[in-house]
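Biologist: Thanks for sitting down with me over this one. Could you bring up the chain so we can talk it through?

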Amino acid sequence: NNVKNHRTMTLLTPDTTNYRQLATSHLRPGDSVLEIGCSTGECTALILRRLVLFHLHEMRQQKQQQQQQQQQPNDEVVTTPKGRIVGFDTGGDMIQQTQQRLHAELEHLLPKDTSVQ
């Protein structure tokens, strides 16, 4: 059982007790999240922030590994999936507000030369 390659899927609904805290506390790098009833994306933005922080941490680790690789040419740098968030809401205007919130969150969190889909 290799924990490093283990992926989970978290299902969130507004009826889940303390779902905002639950959403972020159980996330691990590379996780997929389905948020049903994302509304204006408040919880979605928290999830995104956590996954982006995982991503940035991993980028720093890979940079350090690459620097070590220059000293030890037989080492290999492994890239892992960065995670995925799917938000669902029946209101098209809610989805639009969520998208705007997430774009603003990404602009705030990411270095200018970094891209995340």
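Biologist: How far is the sulfur of cysteine 43 from the closest cysteine sulfur, and in which residue is that sulfur?

Modeller: Happy to help, and bear in mind that this is a predicted model. A disulfide needs two cysteine sulfur atoms within 2.5 Å. The sulfur of cysteine 43 is too far from its closest counterpart for a bond, because the distance is 9.6 Å, to cysteine 38.

Biologist: Is cysteine 43 buried or exposed?

Modeller: Buried means a relative accessible area under 20%. Cysteine 43 has 2% relative accessibility, so cysteine 43 is buried.

Biologist: And what about cysteine 38, buried or exposed?

Modeller: The cut-off is again under 20% relative accessible area. Cysteine 38 comes out at 4%, so cysteine 38 is buried.

Biologist: Which side chains of strand E2 point to the buried face?

Modeller: In a regular strand, side chains alternate between the two faces of the sheet. Strand E2, residues 32-36, follows such an alternation. Ser32, Leu34 and Ile36 point to one face and are not buried, while the buried ones on the other face are Val33 and Glu35.

Biologist: Which residue of E3 stands opposite isoleucine 36?

Modeller: E2 and strand E3, residues 84-88, run parallel and are joined by 5 bridges. Opposite isoleucine 36 in E3 stands phenylalanine 88.

Biologist: In what order do the elements of the protein chain run?

Modeller: The protein chain has 3 helices and 3 strands. Read from the N terminus, their order is β-α-β-α-β-α.

How values were computed:
Residues numbered from 1 in each chain as written. Predicted model: local features only at pLDDT ≥ 70, side-chain atom pairs only at ≥ 80, totals over all residues. Heavy atoms only, no water. Buried < 20%, exposed > 50% of the residue type's maximum accessible area, 1.4 Å probe, protein only. Helix = DSSP H or I, 4+ residues; strand = E, 2+ residues; numbered from the N terminus. Pairing = 2+ DSSP bridges.
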